[in-house]
Every structure is written in C-alpha cells, then in structure tokens.
Amino acid sequence: MQMLGQFLAWYIVVMLIGLAALPLTLRLFENLPDRGYAFARILGILLTGYLFWLAYSFGLVRFEPGAAWLVLLAVLGISVLAARKQWSAWRTARATINWRYVLVVELLFLLAFAAWATVRAYDPAANHTEKPMDLMFMNSIRGSAIYPPQDAWLSGQPISYYYFGYWMLTTLGQLSGQPPEIAYNLGQACWYGLLLTGSFAIVYNLLRLAGRRFNVAAAGGLLSAVMVGVAANVQGILEWLYAMGVPIGPIAAFFQVPGFPQEAAVTGKWYIDSGWWWWRSSRVIEDLDLMGNHIEVIDEFPAFSYILGDNHPHVLAMPFVLLVIALALNLLLARVSRAQSAPASGSVTAQRAFARLHALMPLGWGGWLVLALATGALLFFNTWDYPFYWLLIVAALFFALLWEWRRSGDQRGVAWALGLAVAAGVGMAVAAWLLYLPYFLTAQSQARGIIPNLFNPTKLPQFLAMFAAAMLLMGALVWLAWREVRPKLVQLVGVGAVVFGAPILFLLVSGFIVANTEAGAEMRAGMALPDGAQGHAPFMLERWLGQPFTFLLLGVLVACVLALIWRRTAPDVDFDASPAARPLLFALLMAALGLGLVFAPEFVFLRDNFGSRMNTIFKFYYQAWLLFGLAGAYTATIALGGWRGWRIGPAIMSTIAVVLVLASTVYILAGAYAKTGGLSGEATFDATAYLAAASPDEMTAIQWLRANTRPDDVIVEAKGGSYRVNMNRVSSMTGRPTLLGWDGHESQWRGVAYGKMAAGRAEALEAIYRAGAPEQIEALVDQWGIDYVFVGPAERTAYGVTPSSEERLRRVMDLVFESGAVTIYRAR
C-alpha cells in the first residue's frame, strides 16, 4: 500500500501540473491538430521547475515543499491569464480537441508510467554504474536550502554540471512528498511516460496535418513511441536469436560487434539470462588506436538507458527535447493562423521585422519568451542538445517567414527570410543566456575545442548494427520526397560538393598539420605508430581507404535531404497545393538534423578528458535516434499507405524497417526481466533500501546522520574513485558535503579549474584517517570546516584504519555514534 500511495501521489501531482499548464498550452500550440495537449505536462513541469529555480536563485524562496506549491499556483495563474486574453479562442480549442486522442494519450502515459514503475520497483538500488552520482546530485539539491546548490562531493563548491533534470525530479519529489531516494525511481518511470507520449504526439500531429484519419495517425504515433522508446538496435535482436540457438554466425560476422558471439551463450531462455548481456548493444561500434587496441565507444539508445536505470542528463532532457521539437513544428505552421496580422509588404525596417515576428507566434512576445525558455532549458538539461534544436527552430522560422511573405505577395526572397530567422535565433540565444544566467555563473566545462577524426572512420556493418532500420527509413523518406518535388541537378551537385568536399578538405588539412608541422608535434607524440608504418599520413590514408563506406552512405543521404530542403525554397513550390507538403518538410528537417549528427563524428569530435570520440558519438547518436524515430515513423506510415507504382519501393523499405523495429522490442522485455531478476525480490521505490541488507551498520549510521545533522554539515568520508559504488555512500544518500568524492568525475565536470579546487583534499584525508597526529587533525578540521568524520568499512579498507589509529580521532573529536564497524566523530 505504501508503494501505491507513493505512485498515486506522484501521478496526481503530474496531472495537476498538466492541468495547470493546459490553458497556456492550448493557446501556444494553436497551429497543431491536438493543440499541444500531450505536451501540457512537459510544459507545466518546465515552467514549475524553472520558476522555482529562478526564485530560489535570487533568494526569494528556499528549497521547500511550500515554496514549490506556491510556484505551481503561480504557473496556474500565468496559464489562465494567457488564455483569458483570448478566452473565446481557448473555448474553441477545447471544443476542437479529439477526446479519443485525449484518452489514448492519457492511457499511454499511465501505462508507460506504471509499467516502468514496476520495473524500477524490482531494480531500485542506486548501487551500480553512476547511480550514486545521480542520487548525490538530487540529495545535494534538496539539502541546499539557498542558492547555489552545493556539490556534496566537493565541499564548499557549487554543482558544476547540467543539473536541471535533477532539479526537476527533486522538485516533483517535494510536491508529491517523496524524498530523493523515492523520487529517483518514480521520476524515471514518469519520464518514460513523458517520452512515449511526446513521441506519439509529434508524429500524430504530422500525420493529421498530412490529411490522415485519426486511426492511421494514432497508429503512426504509436509506432513513433515504439521506435523512440521501446525498440533497440539490430544487436538486441541478434542477442536473442543467438541465445535461442538460431545459427546466426554469418550475420554476426558481418556486423563485427565487439565480443559477439564469443562472449555470448546459448541459453534457450526467452530472457537470455540474468546477466548484463543487454549491455553489448550500447557498445556495437569500436574504434582502434594506432596500435590496433580497442577504444570504447558509447552508442546508447533510450531502451538501453531505461534498462540501465541511470538518471543522466541525456535521459532527463529527452521529454523537453520533444517539447522543443513540437514548438518548432508549431512555428513552421504559424503562417496559416497568425501571419494575416503581419504588416503589409514594403521596405524591411526593424519595426516591421519585429511586428512580423510578433504576428507569427501565438501569444506574441509571450510565445517567443516561452520558446526561448524551452529551447534555452536544453543548455541546462544537457548542453550538447542546444545547438541542434536551436538550428531546427531557426530552420522552421525561416520557412514560416518565407512562405508567409510569398503568400502575401511580398517579393522578398530567401536571403531576407534567412537573415531575419538567424537574427531571431541569435536573439533567442541571448534570451536563453539571460534566462539561465545564474546557472552559467557557476558552470564549468571540460570541453577544449574540436579534434579531427583522422584514424577512425566507422565500420559500415557496425554503424548498421546501430541504425539499420533508420537508414532504410531515411532512404524511403528521400524516395517519397523526391517524387513530390525533384531537386534540380545543380542543387544536388552543389550540396554534394559541400557535404563531401568540406569534410575531406578539413581532414586533409588537419592530417597534413599533424603529420608534417611543428604545431602537430604534440599530437604526434601521443600517436605511436605500429612497426612497419611509413608515417602518420600514409597510415591515415590506409585507415580511411579501408573503411570509407559509412562516410559515403551518410554523405549521399545528407546531400539528398539537404537538396530536397533547398528545392523547397524555390518560388514555384506551392505549399498550399498539398496538405502533406509542410509535414513532409518537417520530416526532412528532422532527418537532415539526425543525419548530420551521425555524419559529423566521421570527421570531427569534441576534445574532452576522454581523448577520443566516445562522448561525441554517445551524445550525437542519442539525439539522432530520437530524430530518426520521429521522421522514420512518419515515413513508414505514409509509405505503407500505398503499394502501387513507384510507392512500392518506399513501402518495401518501410516494411523491412518496421519488422526490424518490432522484432527488436524483445530487447527491452528480456532486458528488463533480466535486470530485475525476473521481477523477484522485495519491491520498493527506495533507491537506498539495498544498504539495509548489504551493510546494516552503514544504513543505521546514514539514518542517524539524516536525523541529527544539518544539511550543510561537512562529513568526511573516504575519497571514492569513479564508479567505486561502495564509496561516498554518506554524501550520496544524505547530500551532506564531503571533502572529496569521485575525483575522476569531478575532474570531468570542472575541467582545468578542478586542480586548484581539489588541491590538498586527498592529502587531508590521508592525514585524518591514516597518519596525522592529533594536532594536525585538529588543524585540518578547522581549515576545511569539517563537522563530522565518518569511519566505516570503506574508510577502514582504504586507509588501513585500526583501533589504535582511530584513537587519534578520539583525542580531538567526540564519538557521537557507534554501531558495529561504523563510528562517527563530531568536531568539538
């Protein structure tokens, strides 16, 4: 009953948030067939979380439940006020909502939320991978009554990570009366529901705009939800087939996935086994250093992320990415409902330009503010995402302006529309920076520019192991769009020359600099060549000539999609002639963005602490998966609606892709069953409950600390290396700051600034636990503002703490807790 109460409390709060934002949503998304209904929850969570964070940042409120509820009431007031200005339009919006659609959306959200809450209830423990880190951030936020939220793994320093997703989860926990250890799992299940409903709604709206009936649009929307959040890559299918004893040796040899099938086993069980076999699907791509050694590359997708259960920024950002995509679609369509009030044609002045932008957006400047806030939130959720979706917004605005001008008889062309769209985009970027300024004042980064990918073109079979279905659907989309409006040869050749020429020139120049100049000497020093290699330039050429096919495939698709988009800027293209014209263009825009994201790491990646393209592929491919899922579901639904004439080709490609997608759903079913141990054990949403069985003395000590210490008390514990999940449990589970936590992760978050911040901390821990005299310990306690010293199993193992060495602590501190192998000392 306790779990049911926790689930219902969270569900009711999310429903209330959605209802509070619904009037604003219906006004803001007035160009979409569903009036944005499916995005009301996401928009409400964003507005509630943002306004709460902003008020907290300026010291107007503390991070407390009462303040969160006041902010939610403010969101309701803003929403009603926004609708009240055009109350008749809102009544019309309510009347035009398809109630069958509302039922589908609500059922989809509830089923997804409940299903994944069940999975999390049987696998709740934050005791592996980076879950302790996620939980630490949530407890740090909850324990930081005033701004800025403190980093519990580096006492005295604010969080230096994109923590907005953690803020959202913890805020919803405050509203629903759930502590972070409960909010951790319920929040992830809720986010899964938001992911599926958001994906469903975008494709549903595209298909309705294309003139498809409700049943067809709903089927396409459900396919989108499956492709984005339920399906897996080809490797997920191969894992299951191999476990069932199906002879797939030649297929496995083709895809060349590292460790498969050598490390797999034939089990004959539908869930394969209770191990982590599902992990391999997130590592299907392999890079090699110059000596031929393996370099790990991450290629996650949502189904894997949810099975794993880490609440990382790329996962927490996804529903809000979908919100921005919906806003882009709404903006693309703005001309059909708002542009009539734009000023008449004539010379372009700043006043006319502003008036035209104001007229395009529902709610005028209020609508632009929400757009800037939603798009800018991606900087705070997962900074990698912002440039991609900023570009999508600018592209949507460009076409909205271009079509509106042409529709009104204005003769201004592409240059004017592009200039105004880019200017508006720059304005949105500035607005985003101002809206989230408190975050930027404390944020740091490990990014240090870009690096050319000289030696690791992706093997095509491995790329197809990740994106086989997506590539089939992108090919089908190009085929369909080509029949609608054929690009001119000069457009295709011009785009192709840029798409292929620019990366090749970049790689050639970069390779020459690295191989032959003094500026490249530092890079050459870290690139030892194997015996027999003739030099870095020949070795680079050999690698690329051996594996050029992914680059070529993606280059062709990118060139075709961009040429198709360019063709739609021509004056002879009439977007009122066919209802499918605008949704088809939006699918092409999403496809172009997705293809660009997987094409770019072929020749460039971000320079960070990892020194490889691992993180770039990880972040870029994750967004590409989403975009391919949306554009692909739209394409498949359109293509499967016609099996005559030239449409047979796209229909066949879509059929194969859909079969792959549906077959791959076995991955999430078997993976979730395996990860939860067959839904066995005692169910709970508590991410810390495992510790009561694993280390009862530590759990008792942590409960004592929660009850008897202040949130800002510094509690020293052993320094934990990255992924050492048995370390730093106190700071992770209480949010009380410690001297030094996972130092490798802190270095990633803070970049070059970390060295100065961490100086002396590791040495202080050594002195406190191992070798310091009582006088030195006393001085360190004063120097670092230490309130408590925790001595548990991890500290005894890491520093060799013995009863005699512990006596040093007793001489300068008071023993306030003792249970088994755990003691806690308080500063005098």
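**Exercise 1. Find how many cavities of 30 Å³ or more the structure holds, and describe the largest.**

*Solution.* Let's start with the count: there are 4 cavities of 30 Å³ or more in the structure. A cavity here is a set of points, on a 1 Å grid over the protein atoms alone, where a 1.4 Å probe fits but cannot get out; lining residues have an atom within 4 Å of a point. Grid points are joined across faces, edges and corners, and a volume is the space filled by probe spheres set on the points.

Step 1: the largest cavity holds about 180 Å³ of space.

Step 2: look at its lining. It has 18 residues, and A232, A469, A470, W625 and V661 are the closest to the centre.

Step 3: find the elements. Two or more lining residues come from each of α10 (234–243), α20 (460–484), α26 (614–639) and α27 (648–664). The largest share, 6 residues, belongs to α20. Helices (H or I, at least four residues) and strands (E, at least two) are DSSP runs, numbered from the N terminus.

Step 4: sort the lining by type. It divides into 15 nonpolar residues, 3 polar and no charged. For this sorting, Ala, Val, Leu, Ile, Met, Phe, Trp, Tyr, Cys and Pro count as nonpolar, Asp, Glu, Lys and Arg as charged, and the others, Gly among them, as polar.

Before you go on, a note on the model: it is predicted, so local features need pLDDT of at least 70 and side-chain atom pairs count only at pLDDT 80 or more, while totals for chains, interfaces and linings use all residues. Residues are numbered from 1 along each chain as its sequence is written, and side-chain values use heavy atoms, with hydrogens and water left out.

**Exercise 2. Locate the two domains and the largest nonpolar core.**

*Solution.* Step 1: mark domain 1 (334–445) and domain 2 (694–827) on the chain; such bounds come from an automatic or database domain assignment. Their centres, taken over C-alpha atoms, are 50 Å apart.

Step 2: turn to the largest nonpolar core, which has 271 residues; L46, F164, W191, I325, Y389, F467 and M471 touch the most other members. A nonpolar core is a set of buried Ala, Val, Leu, Ile, Met, Phe, Trp, Tyr and Cys residues joined through side-chain atoms within 4.5 Å. Buried means under 20% relative accessible area, exposed over 50%, and partly exposed in between (1.4 Å probe, protein chains only).

Step 3: helix α8 (residues 180–209) gives this core its largest share, 18 residues. Each of the two domains supplies at least three residues to the core.

Step 4: another core, of 29 residues, lies apart from it, and Y754, W784, V789 and M813 are among its members.

**Exercise 3. Which residues is I325 in contact with, leaving aside its neighbours within four places in sequence?**

*Solution.* Contact means heavy atoms within 4.5 Å. By that rule, I325 touches I202, Y389, L392, F586, M590, L626, L627 and L630.

**Exercise 4. Inspect the backbone at P148, P261, R35 and N728.**

*Solution.* Step 1: the Y147 to P148 peptide bond is cis, with omega near -5°, and P148 sits in the loop between α6 (131–143) and α7 (164–176).

Step 2: F260 and P261 are also joined by a cis peptide bond, with omega about 5°.

Step 3: R35 is not a glycine, yet its phi is positive, near 55°. R35 counts as buried because its relative accessibility is 14%.

Step 4: N728 has a positive phi near 60°, and its relative accessible area is 2%, so N728 is buried.

Conventions:
On a 1 Å grid over the protein atoms alone, a cavity is a set of points where a 1.4 Å probe fits but cannot get out, and a pocket is an open set with protein on both sides within 12 Å along at least five of seven lines; lining residues have an atom within 4 Å of a point.
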